[in-house]
Amino acid sequence: QRVAAYAVIIRDDQILLSRLAPSIASRELWTLPGGGIDFGEDPADAVVREVREETSLDAIVGRPIHIGSAQRVIDENVDMHSVRIVYAASVASDSPPPKVVEVDGSTVDARWHDLRDVHEHRVPLVEWARPAIDAQGELS
């Protein structure tokens, strides 16, 4: 079982996304910044840490907006259950451009994408992120 925390960060009709490393996804695939919660770590603290590692930006975490749960069989020996807590978050308007600071991690790029391009499926996005992004729009 894996419990993870992610952030939906929208600024000026753009959303901050992280690109998965080739070791995770064989094709270009973007996701929300975030990741696994360390043992004993508060989920909101995990979001701040993960956003910093994946984008170099300091997130201001709001409330949880979506919780997702998925089970998938990875191979005959691994039956994985993922729980994802997604928070609304923001970064300062004068933040520098995002860049990955984590070495040999799960992401290789961080970038602002037009929200419209994401909604219109012009950005290859992990499917589990769509309900979370939609939830942020519903709450705004």
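Threonine 31 is placed in strand β3, which spans residues 30-31. This is a predicted model, and I shall speak of it in those terms throughout. With a relative accessibility of 6%, threonine 31 counts as buried, because the limit for that class is under 20%. Leaving aside residues up to four places away in sequence, threonine 31 touches Leu17, Ser18, Leu20, Leu125, Val126 and Trp128.

Two of those names lead to the next residue on my list. Leu17 and Leu125 are among the contacts of threonine 31, and Leu17 and Leu125 are also among the contacts of valine 118. Valine 118 sits in helix α2, residues 115-119. Its relative accessibility is 1%, and so valine 118 is classed as buried. Besides the two leucines, valine 118 touches Ile15, His113, Val123, Arg130 and Ile133, again not counting residues up to four places away in sequence. For isoleucine 133, the separation from valine 118 is 15 residues in sequence and 9.4 Å in space, taken from C-alpha to C-alpha.

Trp128, a contact of threonine 31, brings me to the aromatic residues. How many aromatic pairs does a search of the whole structure find? The search returns one. The partners are tyrosine 6 and tryptophan 128, in a tilted arrangement with 4.6 Å from centre to centre and 55° between the planes. Tyrosine 6 belongs to strand β1, residues 2-11, whereas tryptophan 128 lies in the loop between α2 and α3 (129-139), so the pair ties together parts that are 122 residues apart in sequence. Tyrosine 6 is itself buried, its relative accessible area being 7%.

I turn now to the charged residues. The count of salt bridges comes to ten, and I shall concentrate on those around arginine 49. Which side chains meet arginine 49 in a salt bridge? Glutamate 41 does so at 2.8 Å, N to O. Glutamate 50 does so at 3.0 Å, and glutamate 53 at 3.4 Å. Arginine 49 and glutamate 53 both lie in helix α1, residues 43-55, where they are four residues apart, about one turn of the helix. Through shared partners, salt bridges join Asp38, Glu41, Arg49, Glu50 and Glu53 into one network.

The members of this network vary in exposure. Arginine 49 has a relative accessibility of 22% and therefore counts as partly exposed. Glutamate 53 is likewise partly exposed, with a relative accessible area of 22%. Glutamate 50, by contrast, counts as buried, at 8% relative accessibility.

Finally, I come to a strand pairing. In which sense do strands β5 and β6 pair, parallel or antiparallel? Strand β5, residues 60-75, and strand β6, residues 78-90, pair in the antiparallel sense, over twelve bridges. The connection from β5 to β6 is a hairpin through two residues. Aspartate 75 stands opposite valine 78, the latter in β6. As general background, side chains in a regular strand alternate between the two faces of the sheet.

To close, I return to the two residues with which I began. Threonine 31 in strand β3 and valine 118 in helix α2 both have Leu17 and Leu125 among their contacts.

Definitions and conventions: Residues numbered from 1 in each chain as written. Predicted model: local features only at pLDDT ≥ 70, side-chain atom pairs only at ≥ 80, totals over all residues. Heavy atoms only, no water. Buried < 20%, exposed > 50% of the residue type's maximum accessible area, 1.4 Å probe, protein only. Contact = heavy atoms within 4.5 Å. Salt bridge = Lys/Arg side-chain N within 4 Å of Asp/Glu carboxyl O. Phe/Tyr/Trp six-rings, centres within 6.5 Å; stacked < 30°, edge-to-face > 60°. Pairing = 2+ DSSP bridges.
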